[in-house]
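Biologist: I would like a close look at one part of this model. Please keep the answer connected, and give the cut-offs as you go.

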Amino acid sequence: MTKTKIAIALLAVAAALAACTPADQTPAEHSSADRAEGHSRSSSGLPAGRVEAGEKLASTKNAETGQACVDCHGAGGNAPIDPTYPKLGGQYHDYIAHSLQLYRDGDRQNVLMASQAKNLTDQQIADLAAYFGAQPTQLRDLSGL
């Protein structure tokens with residue numbers, strides 16, 4: 001195969017992949033107000049999380065809602081009070097962190113979680129993510145069901 005044919009094939013693959021993503025579907029970004037407050041734009045920009053601080057924070061009641069993380073997600077994040085609430089124990093820490101950032105910034109919709117997360121600092125998010133990520137997991141692969 002010549003270099004020209006390879007280049008054409010690569011361009012065709014790139015065009016096909018680009019066509020698979022709807023034009024109106026772009027990744028959520030943090031609000032400009034949030035960036036102005038000094039919050040990180042992604043979980044990769046967070047400070048190092050501290051498991052011990054996250055454990056304490058997970059059981060601390062939010063002043064506005066009167067709820068703590070463990071009130072809904074259970075001890076270690078593995079015993080939610082409702083089957084529709086996610087298990088957090090053993091979840092990837094960067095997924096937890098990014099989700100909390102989106103709730104905090106209003107880019108992910110859930111009234112309770114938005115209220116819980118709206119005043120969290122980057123350090124608190126990193127700490128919660130480190131704590132829940134370090135817990136034993138009860139997560140399972142559902143692809144075979």
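Biologist: Take one residue and its charged partners. Why does Arg 104 count as buried?

Modeller: First, the ground rules. This is a predicted model, in which local features need pLDDT of at least 70 and side-chain atom pairs count only at pLDDT 80 or more, while totals for chains, interfaces and linings use all residues. Residues are numbered from 1 along each chain as its sequence is written, and side-chain values use heavy atoms, with hydrogens and water left out.

Arg 104 counts as buried because its relative accessibility is 7%. Buried means under 20% relative accessible area, exposed over 50%, and partly exposed in between (1.4 Å probe, protein chains only). Asp 105 is buried too.

Now the charges. Arg 104 and Asp 122 form a salt bridge, at 2.9 Å from N to O. That pair links distant parts of the chain, with Arg 104 in helix α5 and Asp 122 in helix α7, 18 residues apart. The term salt bridge requires a side-chain nitrogen of Lys or Arg within 4 Å of a carboxyl oxygen of Asp or Glu. Helices here are DSSP runs (H or I, at least four residues), numbered from the N terminus. Asp 122 has a relative accessible area of 11%, so Asp 122 is buried. Arg 104 also bridges to Asp 105, at 3.1 Å from N to O. Arg 104, Asp 105 and Asp 122 are thus linked in a network of salt bridges.

Follow Asp 122 into its helix. Helix α7 covers residues 122–134, 13 in number. From first C-alpha to last, α7 reaches 18 Å, close to the 18 Å expected at 1.5 Å a residue. The expected span is 1.5 Å times one less than the number of residues. Buried residues of α7 include Asp 122, Ile 125, Leu 128, Ala 129 and Phe 132. The buried residues of α7 pack against α3 (51–58), α4 and α5 (93–105). Contact here means heavy atoms within 4.5 Å.

Helix α4 (residues 69–73) holds His 73. His 73 counts as buried because its relative accessibility is 9%. Leaving aside residues up to four places away in sequence, His 73 touches Asn 78, Ala 79, Pro 80, Tyr 85, Pro 86, Leu 88 and Met 113.

The structure holds five salt bridges. Among them is Asp 71 with Lys 61, whose closest N and O atoms are 2.6 Å apart. Asp 71 lies in helix α4 and Lys 61 in the loop between α3 and α4, so the pair ties together parts 10 residues apart in sequence. Asp 71 counts as partly exposed, at 25% relative accessibility.

Technical notes:
Helices (H or I, at least four residues) and strands (E, at least two) are DSSP runs, numbered from the N terminus.
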